[in-house]
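The following note is offered to a colleague who is beginning to read protein structures. Please keep the sequence and the model in view while working through the numbered points.

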Amino acid sequence: MSTVGGGRLGVAADSERWRVLSLLCLAVVLSLTTWFSATAILPELKQELALGASAEAWLTNGVQVGFVIGALAASLVNLPDLVRLSRLMAAASLVAALANATLLLHPGPGGIIAARIVTGAALAGVYPPALKLVATWFTRDRGLALGAVIGALTVGSALPHLFRAVSTVLDWRPVVAAASLATAAGALLFLLFAKEGPYPFGKAVFEPSRIGQVFREKPLLLANLGYLGHMWELYAMWAWLLAYTRAAFDAQAIGTAAASLSTFFVVASGILGCLLGGYLSDRVGRTATTAGMMVISGSCALLMGFLFTGPLWLFMLVAIVWGVSVIGDSAQFSAAVTELTDRRFVGTALSVQMGAGFALTVLAIWLTPRFADFIGGWRWAFLLLVPGPLLGAVAMLWLRNLPESVKMAGGLR
């Protein structure tokens, strides 16, 4: 009888962790709609506000900068250890919703950029704590669970493009309103249903004096170089895919109205990559999964220019494969760092990795449209992104050959 009872308790606990993961992922999807809410309506904002190239890029880069500031500030004061995670994520989501909603007040270019910075800072209180919370529920299948959270981030990032595609009028305000309401709903879900699991972590203290150690230890350095290569490509691709697709559809004599819907499908397809990446990393290893994903995504970035003028079916096929592979390895870099790092400064290592990665996205997002202008159009603009994933793949394969790599994925490397 005790065996049966223990079995039932085990089944109940297993069911509970998947229920929490599902609700957490739904809340992340809703909350992350504010990340690219301005990017999805950039053509309309650019026209209405007469934005220059610099201000145009900062509508996306403001979120990136705000996220870096918010993440580092939270690490310095160890905010996730001081505030219950459910309350932290709920409050942060609400702030992001309110900051995003201020766009409806038409604050002008400077005000919009400031609102985007505040939005990014607030989202730093959603995404990293969500990863930490889900990890408290999973020791087994942790790679898959983290991949599911990254997949939720991906769908949330894509949703504004769907809001724009189904809008019946060429107006940006319904997109902003929908994203703000969705994020507020995410805040409520976090407050009501997010709770820590039975495998809590110790305090992840950020120690600035330990930063040098992150770069001195070769395994950590290579894992971070892999992450930087991944980040060089990811957010610039997400940020400028709509502009690229609109230009490509125009070259193929296709109405640009379909560009928002196409962009949604390409970005949202990344959820398949996140789940696949999580599954593979737990079964074939972190380095093989990340290197493979980056080789595929870098190849897609290279091919896009050749398919710029069609055929449409092949253009969309390669774009979707890119959408799947460009994000599929994301969660595994953080997992690798937690496995390679002395547990006494895991918090420092993760903060350095995330801060450096998102700081690099600012440069990539800023450079991409300037590179397009320099070469005379969008067709070959994504060539700028190719070196990132290819160098990242080299770093992860180099890491695979080090003896320390056996610490990852239960020895699967």
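1. This is a predicted model. A convenient place to begin is helix H1, which covers residues 2–31. Within this helix, Glu16 and Arg19 are three residues apart, which means that about one helical turn separates them. Their side chains form a salt bridge, in which the closest N and O atoms are 3.3 Å apart. Arg19 is partly exposed, because its relative accessibility is 39%, and the partly exposed class lies between 20% and 50%.

2. Glu16 has a further partner. A salt bridge joins Glu16 to Lys195, with 3.0 Å between the closest N and O atoms. This contact links distant parts of the chain, since Glu16 belongs to helix H1 while Lys195 sits in the loop between helix H9 (173–193) and helix H10 (211–216). The two residues are 179 residues apart. Lys195, at 40% relative accessibility, also counts as partly exposed. Taken together, Glu16, Arg19 and Lys195 make up a network of salt bridges.

3. The structure contains four salt bridges. One of them is formed by the side chains of Arg286 and Glu339, with an N to O distance of 2.8 Å. This pair, too, connects distant parts of the chain: Arg286 is in helix H14 (residues 286–304) and Glu339 is in helix H16 (residues 330–340), 53 residues apart. Are the two partners buried or exposed? Arg286 is buried, because its relative accessible area is 6% and the limit for burial is under 20%. Glu339, at 22%, is partly exposed.

4. Helix H9 permits a simple check of geometry. The helix has 21 residues, and at 1.5 Å a residue it should span 30 Å. Its end C-alpha atoms are 30 Å apart, so the expected span and the model agree. Several residues of H9 are buried, including Val175, Val176, Ala179, Leu189 and Phe190. Gly186 and Ala187 are also among the buried residues of this helix.

5. The second largest pocket deserves separate attention. Its volume is about 320 Å³, and 16 residues line it. Lys46, Glu56, Trp240, Ala243 and Trp378 are the lining residues that lie nearest its centre. Which helix gives the most to the lining? Helix H11 does, with five residues. Helix H2 (42–49), helix H3 (53–76), helix H11 (218–251) and helix H17 (346–375) each provide at least two lining residues. By character, the lining divides into ten nonpolar residues, one polar residue and five charged residues.

6. The final point concerns aromatic side chains. Across the whole structure, 19 aromatic pairs are found. In one of these, the rings of Trp35 and Phe67 have centres 5.2 Å apart and planes at 45 degrees, and the pair is therefore tilted. Trp35 lies in the loop between H1 and H2, whereas Phe67 lies in helix H3, so that this pair, 32 residues apart, links distant parts of the chain. Both partners are buried: Trp35 has a relative accessible area of 1%, and Phe67 has a relative accessibility of 0%. Trp35 and Phe67 also belong to one aromatic cluster, together with Phe36, Tyr127, Tyr235, Trp238 and Phe358.

Technical notes:
Residues numbered from 1 in each chain as written. Predicted model: local features only at pLDDT ≥ 70, side-chain atom pairs only at ≥ 80, totals over all residues. Heavy atoms only, no water. Helix = DSSP H or I, 4+ residues; strand = E, 2+ residues; numbered from the N terminus. Buried < 20%, exposed > 50% of the residue type's maximum accessible area, 1.4 Å probe, protein only. Expected span 1.5 Å × (residues − 1). 1 Å grid on protein atoms, 1.4 Å probe; cavity = no way out; pocket = protein on both sides within 12 Å on 5 of 7 lines; lining within 4 Å. Points joined across faces, edges and corners; volume = space filled by probe spheres on them. Nonpolar A, V, L, I, M, F, W, Y, C, P; charged D, E, K, R; others polar. Phe/Tyr/Trp six-rings, centres within 6.5 Å; stacked < 30°, edge-to-face > 60°.
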